[in-house]
Amino acid sequence: MTEALNRLSTRLHDQSVRFVAPMEDRVRSLLLFWTIVVALICLARILFPVTPADSLASMLVLFVPHALILASPFFAYWTANALFPRGVDFAQPDIRLALYGKWRALDALSVRRHPAFGPVGIMASLLLGMLLNVPVRTAEFMAAVPAMTGSAPQWGQMIYMAMSADLILMNFLYTLCFFMALRGMPFFPRLLLLTWGIDLVSQLMLADYLSGAPYLPQSVAAAIQPLLDSNIKKVCISALVWLPYLILSERVNVTYRWRQSA
C-alpha cells in the first residue's frame, strides 16, 4: 500500500513538473490563444449589442471595456516583466507575516538545492487554478452581462460598466499572482491574500451598488445575483483550501520565504 502511494505521489509530482517547467516558454502561445478567442467573442458582442450605438461616445462605452478585458492579462504580463523579470532572485521582505511554526533561514544557494524548491507538486494545482480563473470568469461575464452602449438605460450601463471594471481588475491581479508564483517572487503569498480580499470586497460592493440601480428589472437582478454569489463562494473556498497550505507548506516556505522547518 505504501509503495503504491509512493508511486502515485511520484507520478503526480512528475506531471506537475511537466506542467510548470515549460510554462514560461508557452506564455506567448497562451496569450496568442487568449487574444484570438476573446477577440472573436468581443467582436461579436460589439457588432451585435443589446442596444444600438447612436454616437461615438455611445460606441466607446461599448468598445473600451471589451478592449480592456482583452488586454488585462497582457497588462499583468508586462507588469511582471517590469517588476520581477524571469530568472532574477529577489530579497526577502524585512517583516514576516507568516509567523506560525519554527523555521530556519536558508541562503539563495541552499534554497536552489533544496528538494522542496520550486512551484511544483501541490503548488502546481494552485498555479493552474489561478490561470484558469481568468478564462472562466471572463466566460461567465460574457454569458451573464449583455454588451451595452451609451444609449442603454442607466441601470444597464451601471451593470455593464461595474461588472466590466471588476473583471478587468481581477483578471489583472490573478494573472499577476500567477507570474509571481511561477517566478518565485517572495511577495506572492501576500499578493494572493490581498487579491482574495479585494475580490471578496469587490463582489459585496457590486451587489450593494447594483441594488441601487434605478428601475432595475427583477429578471435582470435575478440573473446577475448568481454570478456575484458564485464569485464569493469561489473566493471563500479558495482561501479556505489554500491559506493553510500557503502558511504551513514546506515547499511554499522554501520557495517563497527561503526557510525550512527547524
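Helix H5 holds a run of buried residues: Met123, Ala124, Leu126, Leu127, Met130, Asn133, Val134, Arg137, Thr138, Phe141 and Met142. The model is predicted. Two of these H5 residues, Met123 and Met130, are listed with Met163, Phe188 and Leu192 as having the most contacts inside the largest nonpolar core. The protein as a whole has nine helices and two strands.

**Helix H5**

- H5 covers residues 122–144, and at 1.5 Å a residue its 23 residues should span 33 Å; the end C-alpha atoms are 32 Å apart, which agrees.
- The helix bends by about 30° at Asn133, with the proline Pro135 following within four residues.
- Asn133 is also among the buried residues of H5.
- An α-helix has 3.6 residues a turn, so residues three or four places apart point the same way.
- Several buried positions of H5 can be read with that in mind, including Met123, Leu126, Met130, Asn133, Arg137 and Phe141.

**Nonpolar cores**

- The largest nonpolar core contains 63 residues.
- Seven helices each supply at least two residues of this core: H2 (23–47), H3 (56–83), H5, H6 (154–182), H7 (188–211), H8 (218–248) and H9 (250–257).
- H6 gives the largest share of this core, 18 residues.
- Another core, of five residues, lies apart from it and includes Leu106, Val111, Val254 and Trp258.
- Beyond its neighbours within four places in sequence, Met130 is in contact with Tyr174, Cys177, Phe178, Ala181, Phe188 and Leu192.

**Helix H8**

- The 31 residues of H8 should span 45 Å at 1.5 Å a residue, and this agrees with the 46 Å between its end C-alpha atoms.
- A kink of about 35° lies at Trp242, shortly before the proline Pro244.
- Buried positions in H8 are Ile224, Leu227, Leu228, Asn231, Val235, Trp242, Tyr245 and Leu246.
- These buried residues pack against H5, H6, H7 and H9.

**Two buried residues of H8**

- Asn231, in helix H8, has a relative accessible area of 4% and is therefore buried, the cut-off being under 20%.
- The side chains of Asn231 and Gln203 are joined by a polar contact of 3.2 Å.
- Setting aside neighbours within four places in sequence, Asn231 is in contact with Arg137, Glu140 and Gln203.
- Of these partners, Arg137 is one of the buried residues of H5.
- Leu228 also belongs to helix H8, and its relative accessible area of 2% makes it buried.
- With neighbours within four places in sequence left out, Leu228 is in contact with Met163, Gln203, Leu206 and Ala207.
- Met163 is among the residues with the most contacts inside the largest nonpolar core.
- Leu228 and Tyr215 are 13 residues apart in sequence, and their C-alpha atoms are 20 Å apart in space.

**Whole protein**

- From the N terminus on, the order of elements is α-α-α-β-α-α-α-α-α-α-β.
- The C-alpha trace spans about 65 × 45 × 35 Å along its principal axes.
- Of the 262 residues, 41% are buried.
- Among contacts with a separation of 6 or more, 83% are between residues 24 or more positions apart.
- The exposed surface is about 14000 Å², and carbon and sulfur atoms supply 69% of it.

Key: Residues numbered from 1 in each chain as written. Predicted model: local features only at pLDDT ≥ 70, side-chain atom pairs only at ≥ 80, totals over all residues. Heavy atoms only, no water. Expected span 1.5 Å × (residues − 1). Bend = angle between axes of the 7 residues up to and from the residue. Buried < 20%, exposed > 50% of the residue type's maximum accessible area, 1.4 Å probe, protein only. Core = buried A, V, L, I, M, F, W, Y, C linked by side-chain atoms within 4.5 Å. Contact = heavy atoms within 4.5 Å. Areas by Shrake-Rupley, 256 points an atom, 1.4 Å probe, with all protein chains shown as cover. Polar contact = N/O pair within 3.5 Å; in protein donor to acceptor, adjacent residues only side chain to side chain.
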